[in-house]
Amino acid sequence: MSNSNFESATDGPVVAAAGAATQAAAGGGSEGKKQIRKEQLRVLYTSPGFIVGLLIVGFWVLASLLPGVLTSFDPKEFVEAGPRVKPGGDAWLGTDKNGWDVYTRVIYGARKILTIAPISTALAIVIGTLLGLIMGYYKGWVDEILSRIIEAILSIPIILMAIVVIFTFGRSTTVIIGTIAVLFVPAITRTIRSAAIAESDLDYVMSAKMRGESGFFIVSREILPNVVGLVVVEGTVRLGYAIFTYTTLAFLGLVGGDITDADWGIDVSQNYEQIARDIWWPSIFPAAAIASLVIGVNLVADSIDKAVKS
Amino acid sequence: MTVTEPDMAAAGDPTAKPALSIDGLEMSYIVRGKPRKILRGVTFDVRQGEAYGLVGESGCGKSTTAYAALRYLPSNGVIDAGRVLSGGEELTAMSASQLREFRANQASMVFQDPVQAVNPVLKIGTQVAEAFQVMGQSKSESEASALAALERVRIAAPESVMERYPHQLSGGMLQRVVIAMGLACDPTLLVLDEPTTGLDATVEAEVLDLVRDLRSELNSAILLIAHNLGVIRTMCDRVGVMYAGRIVEEGTVAEVFDNPSHPYTKGLLNSIPRRGLRKTDRELFAIPGSAPPIGADLPYCTYIDRCPISTDLCREQAPPIVQRSDGHWTRCHHADRIGDVPEPQEVTVSYDIGTEQVIGVNGVSKTFRQRGHEVPALVGVDLGFAEGETLGLVGESGSGKSTLAKTMLGVHAPDEGGEITLRGRKMADKATSRIQESVRAISMVFQNPDSALNRAWTVRRILERSVVKLTGVKGAEADKRVEEIAEAMQLSPRHLDMRPRQLSGGLKQRVAIARAFAGDPEVVVCDEPTSALDVSVQAAILNLLAKLQNEQRSSYMFISHDIGVVRYLADRIAVMYLGRIMEIGATQTMFEGVNHPYTEALLSAVPSVDGVTENRIPLTGSIPSPANPPPGCVFHTRCHRAIAGLCEVTVPEMVELSPGHSIKCHLSVEQLQEPIRIDPDAVLAAPALIDEI
């Protein structure tokens, strides 16, 4: 059996050396994966964008969870300083025309937006991923029909669409969440669909078909795990847009509640006219809050994306 | 275009200033915030008029060197030390504008994939003319120059090619166009990075012929990067063998390939099937281990971990350069002990082939419908697989090899009348409607393991799913079976819990093969299973396939464009053209003599590492569209032996020349044996318009 001797002589070291090689490059096995993770995390932690973004987002998360820690006033409490006081002094971001503290209202305004934006994004991601996978894998008439519906939705201006939906179904929080989700489904579906098409062309899908796997198995077990990364990236991007969309709807007075609620969009809409009279702080500070949250989310999203690709 | 008369005497004259001189070049890539060494001191010269080849396994720094030669660095690439000089000018010290000037007027690069090197929305003429406009020619001048440039790369009817868009040209034709653009500035330095890798063997031969012809009329120095040793052997004057970012051996191609002096070179050469080697003669030599990854810490001999003759000295001192003969050196402590490198052992394994037909392909045709047109991709294919037999399937891309594989595996249903049989019983057409027995009978190993293995799954899950689905065993029994299969593939239990991207290319392909064997198949379809792998890994995979076949008694349908590999492994060979089997016969018979003209052309196209230049029969143009096959014999449009008035009218029948050897041709044995001479100058690449299917 010179054959088997030869095998063991050459292939023994193959495995050992290959292991050593991966260990050096990627660290071999689970250590390799950990090593890569560790290096990616180091890139992430040392990136200034990530730190700044995390601080911003962290601040707003804290504000939405425990607003009492950050301010001692109530959003609808008339502070001693009186109405339309300039920033500085006791009310350090000033007070608005009602005599409410702008800083306190900005802090309390975070809760609603940080509830609605993530929930609606998550909903949109789930629906969009499901549709995208089905369309991308099955193609054919399923894809044709759903594509036309999605194009129809995309062709209607977002705000117009939102107005129609909200006027039809009322202004409850559930409707708002549903509306934002529906608005985002088409874009997510398209992204996932094209990824699913690319995955379906790969040979592992062919191999699954060859061993007689069902379409459900291929989509849910074979393809889905491979588009999860994209889903996460898409989710963080959409979250930024969801914040925008929600504040836009709030500005337009479409989010229900009443106009005295602490809400960045509502506060901007209630106070922006006074900018003409140089009373800029009641509208600019909530607007800045919106901008900072969107920027924070995008910084974090970009840094994660970059670290994963490095 | 004024070509300065090439001073052929300068080629090989060491006193002339080299067209490219790389001196102690060290480079790193920054990956995840850390520099990782890729080049560890590369030094070589390419003289004026010379062709210099770089070979080595993937990851050894060949392409990085090629890019560095023109100072094209990826955004994360850093030069740590060393210089790059061209004609005495130092590229590494040039400013951005000087560098642009240099690249525009003195150097050119031809990339691997011609499709990506051209702009898909511009006409060929516009793009070629642009290369001349960069050099300051006016629009009308540049058009005339473009026409001349296309003529120069042997394109027939250049006027019509100028008016076409890239998608209307074949890969070989496009690569000609890219080369024409590269030659626009009469470069002193031409860098070719794997110029033929993505192309068919016949097209590859065509492009190599062109470059060889052009060399005699150009004064350029050529730096050719290729992983195919045969390509280097037939194209270059000198060769540098690269390993882990360093050149380990350099010399003339004849010296290095016939008299290798570094254990690595020797290992590489032993790992390819040469001189008609068959699996019954001996196993291939697989270099143990794998190449060190970029960034590995290798202060002394880079090859130490895989070297059969290494000693402690190799771990303590950097190996010296040892002169073997004039201009041939090796970087090894033990160059004098090269004879100690063990030669691959002769084996006497008999491969028994059963007589019963296990899987039969009977009269299978497959017609696709595209935009109302019928596209026959397979036409009346008959094949049979006996137990333990390997059938090699060869043919250019587009000949229907993959369609046949997919039809056998039940991805496509064959047309009415055709059938796939398992021990005489017809199988259902589609895999989803086949019974388990039929599904597990045929399995497939794909070309690219990266695509064939689910990235998100662990190796264990990949194998277990196939075991469960194909054999029906579950739980602990399935676990046990997975471990058994993995062991048979020489995968260690450690690998089972890894994901594909943590494995090297060779290990990935082992997993893919393991999956194919999970259901104990009768026939394994291997679709170019080694073409994405390095030669040393290829050797290990081919050995494994041969060993498995002997143990498991399964048959292979082995699809490959590498004739050497097919010859090594296959017992019978079938040649496909335009969805039809043109010739089928025992491997021995196929290589001994009378062949179908198509086979004859295919066999002559292979660049040989042994340096034997044969009379090559060019296959001009591309495969006709299957949607609109030529009348009569489908091959007559490209046949060098076609008989006017017969071949384009009558479809030839399959004729049995000797038992088991049949061809589909009108010509008699005597006619086929007539030697044929082809004047290489008379061969122009006729642009066949690729029909939109």
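Let's start with the sheet in chain B: eight strands make up an open sheet with mixed pairing, and their order across it is E6-E7-E8-E3-E9-E10-E12-E11. Keep in mind as you look around that this is a predicted model. At the two edges you'll find strand E6 (107-110) and strand E11 (321-325) of chain B, each of which pairs on one side only. Neighbouring strands of the sheet are turned against each other by 20° on average, ignoring direction.

Now look for a helix lying against this sheet. Helix H7 (residues 171-182) of chain B packs on it and touches E6 as well as strand E7 (189-193) of chain B. The direction of H7 makes about 170° with that of E6(B).

From there, move along to strand E9 (residues 238-243) of chain B. Six of its six residues are buried, so E9(B) is largely enclosed by the rest of the structure. In a regular strand, side chains alternate between the two faces of the sheet. You can follow the two sets in E9(B): Arg238(B), Gly240(B) and Met242(B) point one way, while Val239(B), Val241(B) and Tyr243(B) point the other way, and all are buried.

What sits on either side of E9(B)? In the strand order, E9 comes between E3 and E10. Strand E3 (residues 51-55) of chain B pairs with E9(B) in the parallel sense, over four bridges. With E10(B), E9(B) runs antiparallel, and six bridges join the two. Arg238(B) is a handy landmark here: Tyr52(B) stands opposite it, and so does Thr252(B) in E10(B).

E9(B) and E10(B) also form a hairpin, with two residues between them. If you zoom in on the turn, Ala244(B) has a positive phi of about 50°.

Carry on past the hairpin to the next pairing. Strand E10 (residues 246-252) of chain B runs antiparallel to strand E12 (residues 328-331) of chain B, and two bridges join them. Glu249(B) has Thr330(B) in E12(B) as its bridge partner.

Last stop: helix H11 (residues 263-271) of chain B. This helix is mostly covered, with eight of its nine residues buried. The buried residues are Pro263(B), Tyr264(B), Thr265(B), Lys266(B), Gly267(B), Leu268(B), Asn270(B) and Ser271(B). So what does the covering of the buried residues of H11(B) include? Strands E9 and E10 of chain B, which you've just visited, are part of the cover, and it also includes helix H9 (229-235), helix H10 (253-258) and helix H19 (535-552) of chain B.

Methods:
Residues numbered from 1 in each chain as written. Chains lettered and ligands numbered in written order. Predicted model: local features only at pLDDT ≥ 70, side-chain atom pairs only at ≥ 80, totals over all residues. Pairing = 2+ DSSP bridges. Axes fitted to C-alpha atoms, helices over the stretch in contact; angles between N-to-C directions. Contact = placed C-beta atoms within 7 Å. Buried ≥ 20, exposed ≤ 12 C-beta atoms within 10 Å, placed from the backbone.
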